[in-house]
Amino acid sequence: MSYGTNSSRYREMEVMAMSPAQRVVLLYTHLLVNLRQARAHMERGEIEARGNRLLRAEEIVHELAVSLDHDAGGEIAGRLAALYAWLLGEFAAVHLHPDVVRLDGAVRVISELHEAWTAVAAHAAEPAAAATG
């Protein structure tokens, strides 16, 4: 077994051990990283690299969208679904007509969601930490 395989397996186990809220935070973190990289590629005129980062961002948003639990999440899940659809539209628009301002608008929205989910994940971890501590 190679180091790469072991490393990949370790990361997979680490993600599986996370709470659902922590996994959402991780996805938002990766989403922001990909969009910031897309922006940097856009500024340098690196079309293929920009496109690859935007495609990865789209994959992450699709993952977030299919992970929504509409039964448990109710109205919030519906609003998040609408927001994810808007983000996908923004990414498609940036694919066709690279626009840093438009991309920055999506990044601001995602940053706010990232902060909110980080707070949720921290709050959700408190009772578990208190029970074990």
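These legends go with four close-up views of a predicted model.

**View 1. The largest nonpolar core and its best-connected members.** This core has 23 residues, and the ones touching the most other members are Tyr-28, Leu-31, Leu-35, Tyr-84, Phe-91 and Ile-110. Four helices each chip in at least two residues: α2 (20–44), α3 (47–66), α4 (70–96) and α5 (100–132). Helix α2 gives the largest share, with 7 residues.

**View 2. Phe-91 and its contacts from elsewhere in the sequence.** Here we zoom in on Phe-91, one of the core residues that touch the most other members. Setting aside neighbours within four places in sequence, Phe-91 is in contact with Leu-31 and Leu-35, with Leu-54, Ala-57, Glu-58 and Val-61, and with Ala-106 and Ile-110. Among these partners, Leu-31, Leu-35 and Ile-110 also appear on the list of core residues with the most contacts to other members.

**View 3. Ser-111, a buried residue in helix α5.** Ser-111 has a relative accessible area of 17%, so it falls under the 20% cut-off and counts as buried. Once residues up to four places away in sequence are left out, Ser-111 touches Leu-32 and Arg-36.

**View 4. Arg-56, a partly exposed residue in helix α3.** What about the surface here: how accessible is Arg-56? Its relative accessibility is 35%, so Arg-56 sits between the 20% limit for buried and the 50% limit for exposed, and is called partly exposed. His-30 is also worth picking out in this view: the C-alpha atoms of Arg-56 and His-30 are separated by 9.1 Å, with the two residues 26 apart along the chain.

Technical notes. Residues numbered from 1 in each chain as written. Predicted model: local features only at pLDDT ≥ 70, side-chain atom pairs only at ≥ 80, totals over all residues. Heavy atoms only, no water. Core = buried A, V, L, I, M, F, W, Y, C linked by side-chain atoms within 4.5 Å. Buried < 20%, exposed > 50% of the residue type's maximum accessible area, 1.4 Å probe, protein only. Contact = heavy atoms within 4.5 Å.
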